[in-house]
Structure formats: structure tokens, C-alpha cells
Amino acid sequence: LLIDDEPMVRAAVSAALISAGHDVTPAQNGVEGLEIFSQGDFGLVITDIIMDEMEGLETIIELKKKSPLQKIMAISGGGKLGARTHLDLALKFGAEKILEKPFRLADLLSAVNDLTNSNKIK
């Protein structure tokens with residue numbers, strides 16, 4: 001499950017993950033992401049932090065309430081406080097991996113593979 005309010009980021013990350021052999025379900029914000037999450041079983045949730053309607057830290061908290069063992073990766077470009085502050089909080093709230101935008105494709109795929117115990121990169 002990929003939650004990000006930026007259409008270009010959703011498209012680019014989705015394309016990269018699909019080309020590496022992963023299934024991707026996109027959501028445009030935390031509210032939509034939680035609704036989709038409640039209807040399926042996801043090996044990994046990737047969520048942006050700065051979003052309208054429901055931001056990523058709140059999304060992580062809600063995901064962990066619903067499914068304490070859910071694997072989560074947080075991504076962020078920063079906002080006013082800077083990406084590192086938000087990403088450090090994401091780790092405290094339950095994200096297992098963090099990536100600061102912009103990130104390298106190889107770093108994204110490596111983090112996803114670590115969290116999904118997958119080895120789909122050839």
C-alpha cells in the first residue's frame with residue numbers, strides 16, 4: 001500500500017515497485033489509505049508524512065493500532081521542520097524504515113526488499 005498525496009511521487013514509486021515485481025495499491029492520503037488497508041492484507045505500507053486530510057504520523061499510529069505487526073516505511077521531503085524531524089518521529093511511532101525525498105531508486109527497492117523479505121531485484 002503506497003500512501004502519498006503527490007501524484008507524481010505515487011506514479012514514480014508505483015512504477016519502480018511494479019517493475020521490481022511488487023504489487024502496489026495507491027492511496028492519495030491517510031484517510032483513503034486506512035480505508036483501503038481495512039479491506040486488504042498488505043505486506044508493507046509506505047506512507048508520506050506531510051499530507052492533507054490525515055498526515056503520515058497519524059496514519060502510522062492508526063495502522064499500528066489496527067495491526068501492531070504491520071511493516072511500515074515512512075517517506076518525507078520535509079515541510080517546515082525538515083524531513084529528518086518528521087522521519088525520526090515516524091520511527092518512534094512504529095515505522096521500521098525511513099527515506100528522505102528525493103531518494104535513489106536503489107535505496108527504495110533495498111528498503112522494500114528488507115521489509116518484505118523479498119529478493120526481487122535482479
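**Close-up 1. Aspartate 107 and arginine 104 pair up in a salt bridge.** In this predicted model, the closest N and O atoms of the two side chains sit 3.1 Å apart. Arginine 104 is exposed, at 54% relative accessible area, while aspartate 107 comes out as partly exposed, at 32%.

**Close-up 2. Asp4, Glu6, Asp48 and Lys101 are joined into one network by salt bridges that share partners.** The structure has seven salt bridges, and the next two views zoom in on a pair each.

**Close-up 3. Here lysine 101 meets aspartate 4 in a salt bridge.** The closest N and O atoms are 2.9 Å apart. Lysine 101 belongs to the loop between β5 (97-100) and α5 (105-116), and aspartate 4 to the loop between β1 (2-3) and α1 (7-19), so this pair ties together parts 97 residues apart in sequence. Both lysine 101 and aspartate 4 are buried.

**Close-up 4. Lysine 101 also forms a salt bridge with aspartate 48.** The N to O distance is 3.3 Å. Aspartate 48 lies in strand β3 (residues 45-48), so its link to lysine 101, in the loop between β5 and α5, ties together parts 53 residues apart in sequence. Like lysine 101, aspartate 48 is buried.

**Close-up 5. Stepping back, the chain runs β-α-β-α-β-α-β-α-β-α from the N terminus.** That makes five strands and five helices. Of the contacts with a separation of 6 or more, 64% join residues 24 or more positions apart. The radius of gyration is 13 Å, which agrees with the value near 14 Å for a compact globule of 122 residues.

Methods
Residues numbered from 1 in each chain as written. Predicted model: local features only at pLDDT ≥ 70, side-chain atom pairs only at ≥ 80, totals over all residues. Heavy atoms only, no water. Helix = DSSP H or I, 4+ residues; strand = E, 2+ residues; numbered from the N terminus. Rg over C-alpha atoms; globule rule 2.2 N^0.38 Å. Contact = heavy atoms within 4.5 Å. Salt bridge = Lys/Arg side-chain N within 4 Å of Asp/Glu carboxyl O. Buried < 20%, exposed > 50% of the residue type's maximum accessible area, 1.4 Å probe, protein only.
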